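Reader: I have a structure open and I'd like to go through it with you, a piece at a time. Could you show it here so that we look at the same thing?

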Amino acid sequence: MVLVGALCIGVERAASQDEADAAWRRGDIETAQRLYAELLAADSTDERALHRMALIFGWDGQYAESIRLFDRLLGISPRNWEAAIDRARIYAWKGDTEHAIELLDEVLKQEPGNVAALQARAQFQGWAGEYSAALSTYERIGQVLPEDRSIPRERALVLSWASRLDAAMAIYDSLLQADPGDREALLGLARVLAWDDQLDSAAIIYRAILAADSTDVDALQGIARSLSWSGDLTSGESLWRRALEQNDANVGALVGLAANLRWQGRDGEAFVVLRRAEQLAPASRDVQAEMQWVRAAVAPRAGASIVYENDSDGNRISTLTATGAWRRDPRFEIGVMGYTRQLRISGSGISNSHAYGAQLEGRVQLPPGWDISLGLGASGNNVEGSTAQGRLSGKVTSPGRNVITGTLGYLHEPLDASLLLVQNSVVIDMVSLDLGATPSGGWRYQLSASYTRLDGSEPNTRWAAYVHASTRVSRQFTVGGSLRSFGFDKNLNDGYFDPDLYVLGEVNVRWQARFGRWYPTVEAAPGVQQVGKGGEVSGAGRVRIAIGFRLLPGREFELSGGYSTTGLSVFGSDVGNYRYRSIMFLSKWVI
């Protein structure tokens, strides 16, 4: 009877094992986990159950439990190289690539030709940024498996990570010459072309793959990414959603959609999408990297800036501004702003003044990307006899995913940017319209127009217009041109620059590089200007140099200085050969 019972138990266990293995093969991880857990409850030394349960915990981000099970398995079977390699993967997945490589080196000491260990080692070296070591390891694998086409594909991927894009493209081209239908090589080539800013060429390859299989998720994600990077956010969003229709638990597609929504300015919706991705893969580095950007937009934040201005008319102005924002709901934000400004004119005999103000603002985002804000506040100064003035602002911005976007705004506030403006109690009411366009081809266009009523010694009006076009010619350089013009109805000498016509044309050049968390910026804008309808055309220019440091996305510090000869002050309007100059220093930070 004992023998019969043992046989029955063995048969039942074999059946349970077969059922668990079948669930594993068909991807039913929930059922497999339950069945393997039952097998381990009956026999804690079941090596297959230990191995697969450890992997399941690793996929779920439960790294400590996964490593515990792998350690138990390797204690039972120390030469189980597959388990040893997978344990190293768990360390890599949780971000400890250095220890993962060390564990693989222990395997390779005993099994120097273990291809799986070599491949994992090369992959983790690439993740750790050890590109030369990774390429060397792939060379070693290629000697063991010279016919394996996956090895050159993986080498090409590391080369692309190392920004050796031409070398990566050469490998993909050679693979496609041997087999034009190599899907993985096509996907890899398209990915590298996109990284090289050849977005149209990348999209052509992705479309060719989709023509053969419209449900190819990798191609859908690739073209969605390319279109989003190129500025076609509407089409990119549509394709990200198509990819999610194939699998609503696709973490990569959720991250891509969230980034697309963030670039549209739809931070609240991006946060909701990314929370779904975080629930599915809380330890994903891509999820966490994108979440840092989104959280920077929706999390409570505070910022401050200090600006010092010094110009050739003797104006000496120091401004301290503090801001804060909080969101009870990802789509609704409450913000506050306060400032204090010290103002004087060197050698003028006019008493120094200071101005101050504060404003509370509410902002709401409505699908599919409308942005509406309303601000209320007050400003004042220490000039004898002056009274506090109210501040009111309103703004409506159209969805940023459109090729053409617009913002309609209204502003009522004191104009207290200089001492004379404060002394004359100048208040403005301004209506403005800003239009932006990002058609295909990489160019960006901006058109702005405004009409302003100024109340000071007596009413005055100003019209203004601005046109700008720019394109990025490389990863670091942006070039463009701009034309600015405005004119006043009256010349009142109230402290603002008020010619009947001012025109400024500039060539804009911007360089910005990134060195880790540091990002230096240099901007130059040489140009020509005309002051007054009868004025002569003369040269003018601006330059700005800045250095910034990013603690986290959206949390940064910047120090900058600028010099300008554009414009003219009322103090010099009747002086021959007069040139206006100003210097500005700015320090700002956001936490």
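Reader: How many bridges join β8 to strand β9, and which way do the two run?
Author: There are 11 bridges between β8 and β9, the latter covering residues 443–455, and the two strands run antiparallel. Strands here are DSSP runs of type E with at least two residues, helices are runs of type H or I with at least four residues, and both are numbered from the N terminus; two strands pair if DSSP finds at least two bridges between them. Please keep in mind that this is a predicted model, in which local features need pLDDT of at least 70 and side-chain atom pairs count only at pLDDT 80 or more, while totals for chains, interfaces and linings use all residues. Residues are numbered from 1 along each chain as its sequence is written, and side-chain values use heavy atoms, with hydrogens and water left out.

Reader: Which residue in β9 is the bridge partner of L433?
Author: That partner is A449, and L433 is in turn the bridge partner, in β8, of L408. β7 and β8 also run antiparallel, joined by 11 bridges.

Reader: Which residues make the nonpolar surface patch?
Author: The patch, of about 930 Å², is made by L374, L376, L392, L408, Y410, V431, L433, L435, L447, V467 and L483. The elements that give two or more residues to it are β5 (370–381), β7 (404–414) and β8 (427–437), and the largest share, 3 residues, comes from β8. Patch residues have over 30% relative accessible area and no salt bridge, with nonpolar side chains (Val, Leu, Ile, Met, Phe, Trp, Tyr) joined within 5 Å and like charges within 9 Å. A salt bridge would be a side-chain nitrogen of Lys or Arg within 4 Å of a carboxyl oxygen of Asp or Glu, and the areas come from the Shrake-Rupley method with a 1.4 Å probe, where for residues only the protein chains shown count as cover.

Reader: Why does V431 count as partly exposed?
Author: V431, in strand β8, counts as partly exposed because its relative accessibility is 43%, whereas buried means under 20% and exposed over 50%, with partly exposed in between.

Reader: And what is L374 in contact with?
Author: Leaving aside neighbours within four places in sequence, L374 of strand β5 is in contact with L360, E361, G362, L392, S393 and G394, where contact means heavy atoms within 4.5 Å.

Reader: Changing topic, how many residues has the largest nonpolar core?
Author: That core has 97 residues, and those with the most contacts inside it are Y36 and F124; α5 gives the most to it, with 8 residues. A nonpolar core is a set of buried Ala, Val, Leu, Ile, Met, Phe, Trp, Tyr and Cys residues joined through side-chain atoms within 4.5 Å. Apart from the largest core lies another, of 13 residues, among them L421, Y496, Y502 and A540.

Reader: Is R87 buried or exposed?
Author: R87, whose place is in helix α5 (residues 81–93), counts as buried because its relative accessibility is 18%. Not counting neighbours within four places in sequence, R87 is in contact with F70, D71, L74 and L103.

Reader: Which peptide bond is cis?
Author: The bond from P367 to P368 is cis, with omega near 0°, and P368 sits in the loop between β4 (353–366) and β5. Most peptide bonds are trans, and most residues other than glycine have a negative phi.

Reader: Then what is the phi of S425?
Author: Phi of S425 is near 50°, a positive value in a residue other than glycine, and S425 lies in the loop between α18 (419–423) and β8.

How values were computed: Buried means under 20% relative accessible area, exposed over 50%, partly exposed in between (1.4 Å probe, protein chains only).
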